[in-house]
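Visitor: Please give me a close look at a single part of this model, with every criterion stated as it is used. I would prefer one connected account to a list.

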Amino acid sequence: MKSEFSIHVAKENLKFSAAHFIAYKGFREPLHGHNYQVGVRVEGSLAHTGYVVDFGLIKKLTKEIVDRIDEHTIVPERSDCLRIDRSVPGQVRVRYENDEFVFPAGDVAMLPIVHSSAEELARYIWEELVAALRSRGALDEVAAVEVSVAEGPGQAAIFQREIVRD
Ligand code: ZN
């Protein structure tokens, strides 16, 4: 059954700026950046509080996640074509074929994704947000969560999944 209620959050402060490049076998983008905008939609039923889930909590938790990426270079640590070397303390070296990037470790957001596409970023933020909501017991009335990530105006990738209960 489709849920009756949903809430949607896409605030100005759920933005982050980050550098990245898409890479897969045979192709690499040059390093560049975006001002990403994140949106969250939560579907569910009404709790005794009159909410599906508190808007303020969604905003706070989502902001904590995007703040960890903001003003960093995204490195997809599960890439199948980048060689990531962290053997020198304080450095992250990223190699693609004959090209090498060297970043100060503190400038890098190392994410458990294969490609730093908006689609994979949306899924990553979804997983982090749902884990944070779950650890606060805030998923009781939630049927599904959707996260959108836009690399620019009017161009967003969306990840949606139903919440599975134990
Ligand atoms: Zn890009």
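**A strand and its surroundings**

Guide: In this protein, 64% of the contacts with a separation of 6 or more are between residues 24 or more positions apart, a contact being heavy atoms within 4.5 Å. The model is a predicted one, in which local features need pLDDT of at least 70 and side-chain atom pairs count only at pLDDT 80 or more, while totals for chains, interfaces and linings use all residues. Residues are numbered from 1 along each chain as its sequence is written, and side-chain values use heavy atoms, with hydrogens and water left out.

The protein has two helices and 12 strands. These are DSSP runs numbered from the N terminus, with helices of type H or I and at least four residues, and strands of type E and at least two. Their order from the N terminus is β-β-β-β-β-α-β-β-β-β-β-α-β-β. The C-alpha atoms occupy a box of roughly 60 × 35 × 30 Å along the principal axes.

The part chosen here is strand β5, which covers residues 32-44. Two strands are said to pair if DSSP finds at least two bridges between them. Strand β1 (residues 5-9) runs antiparallel to β5 and is joined to it by five bridges; within this pair, Phe5 faces Gly44. Strand β2 (residues 15-20) is likewise an antiparallel partner of β5, through six bridges, and here Phe16 is bridged to Tyr36. Eight bridges connect β5 with strand β11 (residues 142-152), again in the antiparallel sense; Arg41 has Glu146 as its bridge partner in β11. As a general matter, strands of a sheet pair through backbone hydrogen bonds, either parallel or antiparallel.

Asn35 offers a residue-level view of β5, the strand in which it lies. Asn35 counts as exposed because its relative accessibility is 54%; the classes are buried for under 20% relative accessible area, exposed for over 50%, and partly exposed in between (1.4 Å probe, protein chains only). Leaving aside residues up to four places away in sequence, Asn35 touches Phe16, Ser17, Ala150 and Glu151. With Ser17 there is also a side-chain polar contact of 2.8 Å. Such a contact is a pair of N or O atoms within 3.5 Å; within protein, one must be able to donate a hydrogen and the other to accept it, and residues adjacent in sequence count only if both atoms are side-chain atoms. Ala19 is 16 residues from Asn35 along the chain, and their C-alpha atoms are 9.1 Å apart.

The zinc ion is bound by His20, His32 and His34, each through NE2, lying 2.0 Å from the metal. Donors are N, O and S atoms within 2.8 Å of the metal (3.2 Å for Na, K and Ca), and water is not among the atoms, so sites may look incomplete. The donor residues follow the spacing H-x11-H-x1-H. His32 is partly exposed because its relative accessibility is 26%, whereas His34, at 17%, counts as buried. Over the protein, buried residues make up 44% of the 166 residues.
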